[in-house]
Amino acid sequence: MDLILPDFGLLVWTGLVFSLLFILLAKFAWKPILNAVNAREQKIAEALALAEKTKAEMQALKAENDQILKTARAERDQILKEAKEAANAMVEEAKSKAKDEATKIVESARQNISSEKAAAMADLKNHVATLSLEIAEKVIRQELTADDKQKALADQFASEIKLN
Amino acid sequence: MPQIGKLSSLLQVIVLALSFTVFQASAYASEEKSFNVNEMIMHHIKDAHEWHITGPEHGGVSVYLPVILHDNGFKVFSSKYFYHGKETEVKLNDSTTYHYLEGVGPAKGYGLYHEEIYKLNHEGKLHFQGDHPHNATPTDLSITKNVASLIIGSLLILIIMLSVARFYRKNGAVAPKGIAKFFEPIIVMVRDDIAKANIDHHKYQKYVPYLLTIFFFIWINNMLGLIPIIPGGANLTGNITITFFLAFCTLLVTVFSGNKNYWGHIFWMPGIPVAMKIFMIPIELIGIITKPFALMVRLFANITAGHIIVLALISIIFINKNYAWAGLSVPMALFISVLEILVAFLQGFLFAMLSSLFIGAAVEEAHH
């Protein structure tokens, strides 16, 4: 029978020890443990939320970067194209300039040549005239002895000169 | 492989413990009188003023615990003054004989019969009537085997939980290591699966410390009870006083947490005819008591039954007076012992779970 009847002494001790145990555990064990576990859980939840946010931010950043890269690439292409065009234009210009110069040079050379030629011709004509005069003088001096011969010779010379 | 290693070392410990149980039981069998299974088991599962280790029942190797009596002032002396006292025999007219221990030295004037202390009458004897003495009893506040076990178990829980708490205090809110790593999931289980699951989300936090304390108190003491050697082996959680106290605590917490809705359901059950409402009042009032009563009986019966069955299986050897029976009795006792490890946890879990359920019902808000 005493197996199923509470014992007073044991009940007193149980009440005392259990109450003490409860107070000590609640104050010095459960409180710090539960606080730490709760704090950690909150920390983990926050970290997860932050990771999610960061991921979204990263995605946005990446999209932005892609956009920037794309614009930069287009810009580069544009610049390259322009540069090429500029270079081509410059080459073209240089070419045409050179051609003009060349034509000018050739033209001036031709002018020079023709003026030189004209000068030479004039010179030659002068020379020939002088020569002719000299010849004529000599002939005249020789031929003055005989009038008819003189005349005939003069005619002959004259006709010869005309041929030039 | 390390898993198997751990398992086998666990089994070794259990086998070792069981062999000790055999050894202890053999102490009873070695006495001249015939082996009485009932007496041996009852002696084990009941409280005592000594913590018997080995050897014959009286005079063997034993830890004599202090006896504290309140009888015109406090009297404190070792229980060895009973166990090493005078063994007295009383013969009644109907030829029944009773043996009790008469105290000597500081215990003079008291007699110990079935671990109960009585005051000797003017003839210096215990006066038997029926099957127990009718002498006066002093208030017995002794540190009995169960009280000692209670203190050891509580200290063990304190040491464990304070070192868990120290880990967090030292390291802050980090991933647990060592002892904290082992206990944290259990603490979180009590908080989430026991408290949070049964009690309203805004109110459960207040009850977590109580539920944690009863869970670990029952679990650790159940486990200590499974160890047959001295720091354990007391049938503490299988003692009706302990289970009564724990159930009473749950009753108090439930009753003092009860809100308007809870009491409304007890005294004026909504949704039924008035005649039924009146009829339901006594039923609901009894229900307040029966719920913790069931808690008390469940824990007491489960743990006591576990102790009885292990001892009964070991006793097979001594009933048949042949060690060859160990081949049958030890494996069976081993099986039950391993089962008891599960039961130790399960009973703690159930007690906390049902307490939480009762508290949850008491603080539930009306939802119509």
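Angles under 35 degrees between helix axes count as roughly parallel, over 145 as roughly antiparallel, 65 to 115 as roughly perpendicular, and the rest as oblique. The exercises below apply this to chain B of a predicted model.

**Exercise 1. Classify the crossing of α4(B) and α6(B), and state which residues meet there.**

Step 1. The axes of the two helices, α4(B) (145-171) and α6(B) (208-226), come within 10 Å and cross at roughly 120 degrees.

Step 2. An angle of roughly 120 degrees falls in none of the ranges for roughly parallel, roughly antiparallel or roughly perpendicular; α4(B) and α6(B) are therefore oblique to each other.

Step 3. The crossing of α4(B) and α6(B) is right-handed.

Step 4. From α4(B), B:Ser149, B:Gly153, B:Leu156 and B:Ile157 take part, and they meet B:Phe216, B:Phe217, B:Ile220, B:Asn221 and B:Leu224 of α6(B).

**Exercise 2. Determine how α7(B) lies against α10(B), and which residues make the contact.**

Step 1. Helix α7 of chain B covers residues 240-257, and helix α10 of chain B covers residues 326-363. Their axes come within 8 Å, with a crossing angle of roughly 20 degrees.

Step 2. Because angles under 35 degrees count as roughly parallel, α7(B) is roughly parallel to α10(B). The crossing is right-handed.

Step 3. On the side of α7(B), the contact is made by B:Leu246, B:Thr250, B:Val253, B:Thr254 and B:Ser257; on the side of α10(B), by B:Phe351, B:Ser355, B:Phe358, B:Ile359, B:Ala362 and B:Val363.

Step 4. Among the contact residues of α7(B), B:Leu246, B:Thr250, B:Val253 and B:Thr254 are buried.

**Exercise 3. Check the span of α7(B) against the value expected for its 18 residues.**

Step 1. At 1.5 Å a residue, the helix should span 26 Å; the expected span takes 1.5 Å times one less than the number of residues.

Step 2. The end C-alpha atoms of α7(B) are 25 Å apart, which agrees with that expectation.

**Exercise 4. Describe the open sheet that contains β3(B).**

Step 1. Three strands form the sheet in the order β4-β3-β11 of chain B, with antiparallel pairing. The edge strands are β4 and β11, each of which pairs on one side only.

Step 2. β3(B) (residues 66-70) joins β4(B) (residues 74-78) over five bridges, while two bridges join β3(B) to β11(B) (residues 139-140).

Step 3. B:His70 has a bridge partner in each neighbouring strand: B:Phe74 in β4(B) and B:Thr139 in β11(B). B:Leu69 stands opposite B:Asp140 in β11(B).

Step 4. β3(B) and β4(B) form a hairpin with three residues between them, and B:Asn72 in the turn has a positive phi of about 55 degrees.

Step 5. In a regular strand the side chains alternate between the two faces of the sheet. In β3(B), B:Val67 and B:Leu69 form the covered face, whereas B:Pro66, B:Ile68 and B:His70 form the uncovered one.

**Exercise 5. State which elements of chain B supply the side that touches chain A, and which gives the largest share.**

Step 1. In the contact between the chains, 37 residues of chain B touch 31 residues of chain A.

Step 2. β11, α4, α5 (179-198), α6 and α7 of chain B each supply at least two residues of this side.

Step 3. The largest share, 13 residues, comes from α4(B).

Conventions:
Residues numbered from 1 in each chain as written. Chains lettered and ligands numbered in written order. Predicted model: local features only at pLDDT ≥ 70, side-chain atom pairs only at ≥ 80, totals over all residues. Helix = DSSP H or I, 4+ residues; strand = E, 2+ residues; numbered from the N terminus. Buried ≥ 20, exposed ≤ 12 C-beta atoms within 10 Å, placed from the backbone. Pairing = 2+ DSSP bridges. Axes fitted to C-alpha atoms, helices over the stretch in contact; angles between N-to-C directions. Left-handed = near helix turned anticlockwise from the far one by under 90°. Contact = placed C-beta atoms within 7 Å.
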